[in-house]
Amino acid sequence: MQVIFRGHKEGNKISIKMISPTGEQKTVITMDMPQGEDWRADMECYDKVLSAYEERLSKALQLAQLQQAEEVEQSEQE
């Protein structure tokens, strides 16, 4: 199972929740959208922010995996 993102819009606020494989939910982004009732523009913004967050999370997880592998390697050498 993988990390899942779900969005929710309430009024002018859009929130993105991250759901972990364990089922834990955490709000990772809350945005105040400008007035104007342009639903398509709001969704375009949402998609771009979600994509940027997913990319950043992926990089952070890759770095954590590399660091963990280095720590295991160092402990095996000792």
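# A tour of a three-stranded sheet and its helix

Begin by selecting the strands of this predicted model, which form an open sheet of 3 strands in the order β1-β2-β3, with antiparallel pairing. Look at the two outer strands: β1 (4–10) and β3 stand at the edges and have a single partner strand each, so one side of each is left without a neighbour in the sheet. If you turn the view to look across the strands, you can see how neighbouring strands are turned against each other, by 20 degrees on average when direction is ignored.

**The whole chain**

Now show the complete chain, whose secondary structure comes to 1 helix and 3 strands, and follow the elements from the N terminus on, where they run β-β-β-α. The C-alpha atoms fill a box of roughly 60 × 20 × 20 Å along the principal axes, and the radius of gyration of the chain is 17 Å, whereas a compact globule of 78 residues would have one near 12 Å. If you colour the residues by burial, 17% of the 78 residues count as buried.

**From β1 to β2**

Select β1 and β2 next, which run antiparallel and are joined by 7 bridges. One pair to pick out is arginine 6, which stands opposite lysine 17 in β2. Then move to the turn, where the hairpin formed by β1 and β2 has 2 residues between the strands, and where glycine 11 has a positive phi of about 65 degrees.

**From β2 to β3**

Keep β2 in view and add β3; these two strands also run antiparallel, and 7 bridges join them. Which residue of β3 is the bridge partner of serine 15? Selecting serine 15 leads you across to threonine 30, and selecting lysine 13 leads you in the same way to its bridge partner in β3, aspartate 32. The hairpin of β2 and β3 has 5 residues between the strands, and glycine 23 takes a positive phi near 100 degrees there.

Stay in this loop between β2 and β3 and select serine 20. Is serine 20 buried or exposed? Its relative accessibility is 18%, and because residues under 20% are classed as buried, serine 20 counts as buried. Show its side chain together with that of threonine 22, since a polar contact of 2.8 Å joins the two.

**The helix and the core**

Now add the helix α1, which packs on the sheet and touches β1, β2 and β3, its direction making about 150 degrees with that of β1. Before you look at the side chains, it helps to know that in soluble globular proteins nonpolar side chains tend to be buried together.

Select Phe5, Ile14, Ile16, Met18, Ile29, Met31, Met33, Tyr46 and Leu50, the 9 residues that make up the largest nonpolar core. At least two residues of this core come from each of β2 (13–19), β3 (25–32) and α1 (39–77), and β2 gives the most, with 3 residues. The strand β2 is also mostly covered, as 5 of its 7 residues are buried.

As a last stop, centre the view on methionine 31 and display what surrounds it. Leaving aside residues up to four places away in sequence, methionine 31 touches Asn12, Lys13 and Ile14, and also Cys45, Tyr46 and Val49. Finally, return to the whole chain and consider its contacts with a separation of 6 or more, of which 25% are between residues 24 or more positions apart.

Note on methods. Residues are numbered from 1 along each chain as its sequence is written. This is a predicted model: local features need pLDDT of at least 70, side-chain atom pairs count only at pLDDT 80 or more; totals for chains, interfaces and linings use all residues. Side-chain values use heavy atoms; hydrogens and water are left out. A nonpolar core is a set of buried Ala, Val, Leu, Ile, Met, Phe, Trp, Tyr and Cys residues joined through side-chain atoms within 4.5 Å. Buried means under 20% relative accessible area, exposed over 50%, partly exposed in between (1.4 Å probe, protein chains only). Helices (H or I, at least four residues) and strands (E, at least two) are DSSP runs, numbered from the N terminus. Contact means heavy atoms within 4.5 Å. Two strands pair if DSSP finds at least two bridges between them. Axes are lines fitted to C-alpha atoms, for helices over the stretch in contact, and angles run from 0 to 180 degrees between N-to-C directions. A polar contact is a pair of N or O atoms within 3.5 Å; within protein, one must be able to donate a hydrogen and the other to accept it, and residues adjacent in sequence count only if both atoms are side-chain atoms. The radius of gyration is taken over C-alpha atoms; the globule rule is 2.2 Å times the number of residues to the power 0.38.
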